[in-house]
Amino acid sequence: MTRSLKNILVTGGAGFIGANFIHYVFNKTDFSGTIVNLDALTYCGNLESLADIEAQYGVSAGGKARYFFEKADICDRAAVDSILKKYNIDTIVHFAAESHVDRSILGPEAFAKTNVMGTFTLLDAAKNYWKAEDGTIPENFLFHHVSTDEVYGSLGETGYFCETTPYDPRSPYSASKASSDHMVMAYFHTFGLPITLSNCSNNYGPYQFPEKLIPLMILNIKGGKNLPVYGDGKNIRDWLFVEDHNSAVWTIMNKGTTGEKYNIGGENEWENIRLLEKLMEIVAGELKMNLDDVKKTIVHVKDRPGHDRRYAIDCTKLKTQLGWKQSVTFEEGLRATVKWYLSSTDWVNHVQSGEYTKWIDKNYSAR
Ligand code: NAD
Ligand code: TYD
């Protein structure tokens with residue numbers, strides 16, 4: 001089955017993966033409908049990441065707009081209800097979340113609010129909005145929930161997470177995402193809400209807020225700052241280029257079976273310290289820095305509490321059932337990402353100075 005997607009609500013479209021998703025759909029697919037980006041613009045929501053999309057497809061571009069932005073919180077039921085109706089939404093792809101593990105250790109409440117209650121609010125609004133008079137929900141509706149492999153917990157030296165691996169979340173972030181996954185499945189089994197769900201490994205690429213490992217290290221290497229490695233640096237993550245995550249999400253939205261979950265992964269495991277060595281080599285090469293000097297800036301700092309040791313994804317189901325595959329190698333993706341952070345000086349400077357939070361006032365004030 002291939003779904004007909006017309007008016008898509010993207011939650012969290014001003015964040016890292018959501019902004020890349022909107023670029024992907026407009027630039028790399030034959031989608032001809034409308035995208036509505038619902039985002040609360042928390043610290044990592046950045047509309048500058050979508051300035052080109054706004055200029056080409058937004059209201060200010062003139063002509064028939066195909067991209068709309070709505071500043072709203074997914075916990076605000078009245079706002080969600082009204083946006084679903086206003087744009088005649090038939091598809092929801094839910095990226096909005098608190099996403100950083102370290103922040104979830106310092107302040108878990110925001111994770112419970114947005115990831116648990118926000119997802120519940122969105123699901124319940126979707127169910128009521130779509131329910132026909134006979135109480136059923138039309139088949140042509142879809143709620144796709146974007147989740148993480150961290151819900152499965154931590155692996156030892158061997159083995160992989162597959163779709164049937166029992167949930168065993170360890171951080172407030174992964175526990176809140178696990179809870180949201182269960183609620184999504186509950187709305188499918190109990191109310192028949194047409195859902196699909198994906199659990200992806202660590203993403204990297206343009207527009208990622210520089211609190212996460214890869215952009216943080218690129219910018220710290222460039223700035224000659226310390227490179228903080230948690231613990232022994234031997235924790236392992238499975239890295240996937242963000243555009244390949246989004247092509248997988250798009251494939252599932254179009255062809256995935258309702259009620260099913262799919263793992264998405266890079267089949268690309270790296271110890272943090274090895275990855276950092278690779279990044280130092282690429283950045284130093286690009287900037288003609290002395291690699292030995294850069295290496296001296298590595299600092300082993302206190303480990304993250306409850307630090308998951310290894311993640312590794314088995315994504316056979318997605319590859320064999322829906323025909324998805326990655327488009328770039330890690331070497332290509334990492335080099336492209338480094339070049340993007342080194343050349344996107346306005347975006348980086350505005351994030352580092354806080355200037356990015358003013359983009360909405362400058363660009364949407366006339367509306
Ligand atoms: P991000 O932190 O970069 O962006 C999150 C976006 O959600 C921001 O634009 C923010 O303003 C918005 N948001 C936060 N709270 C909101 C609320 N209450 N209402 C409306 N909008 C709100 O996150 P990301 O890295 O782009 O992750 C997107 C999704 O993908 C998340 O659900 C995350 O769990 C999942 N995921 C991320 C990764 C990864 O490596 N980054 C891997 C797998 C899954
Ligand atoms: P992160 O990008 O925060 O993603 P996640 O915790 O969701 O996997 O971190 C990736 C890995 O890098 C993780 O094992 C923690 C480690 N890390 C560091 O060693 N130093 C850092 O400064 C950061 C941000 C992460």
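In which sense do strand 9 and strand 11 pair, and over how many bridges? Strand 9, spanning residues 236-241, and strand 11 pair in the antiparallel sense over 3 bridges; strands count as paired if DSSP finds at least two bridges between them. Helices (H or I, at least four residues) and strands (E, at least two) are DSSP runs numbered from the N terminus. The model is predicted, with local features needing pLDDT of at least 70 and side-chain atom pairs counting only at pLDDT 80 or more, while totals for chains, interfaces and linings use all residues. Residues are numbered from 1 along each chain as its sequence is written, chains are lettered from A and ligands numbered from 1 in the order in which they are written, and side-chain values use heavy atoms, with hydrogens and water left out.

Strands 7, 9 and 11 form an open sheet of 3 strands in the order 7-9-11, with mixed pairing. Its edges are strand 7 (202-204) and strand 11 (269-271), each of which pairs on one side only. Neighbouring strands are turned by 50° against each other on average, direction ignored. Within the sheet, Asp238 has Glu269 of strand 11 as its bridge partner. Helix 12, residues 330-343, lies across strand 7, strand 9 and strand 11 and runs at about 55° to strand 7. Here contact means heavy atoms within 4.5 Å, and axes are lines fitted to C-alpha atoms, for helices over the stretch in contact, with angles from 0 to 180 degrees between N-to-C directions.

Strand 7 also leads to ligand 1: together with helix 1 (16-28), strand 5 (142-148) and helix 6 (172-191), each supplies at least two residues of the shell. The shell around ligand 1 holds 28 residues, the closest being Ile17, Asp39, Ser99, Tyr173 and Lys177, where a residue is near if one of its heavy atoms lies within 4 Å. A polar backbone atom of Ile17 is 2.7 Å from an oxygen atom of ligand 1, and an N or O atom in the side chain of Thr114 is 3.0 Å from a nitrogen atom of the ligand. The protein buries 96% of the 840 Å² that ligand 1 exposes when taken alone, by the Shrake-Rupley method with a 1.4 Å probe.

Ligand 2 is surrounded by 17 residues, of which Glu150, Pro228, Arg237, Arg304 and His307 are the closest. Strand 8 (227-230) and helix 7 (213-223) each supply at least two residues of this shell, and the largest share, 3 residues, comes from strand 8. A polar backbone atom of Pro228 is 2.8 Å from a nitrogen atom of ligand 2.

Methods
Polar contact = N/O pair within 3.5 Å; in protein donor to acceptor, adjacent residues only side chain to side chain.
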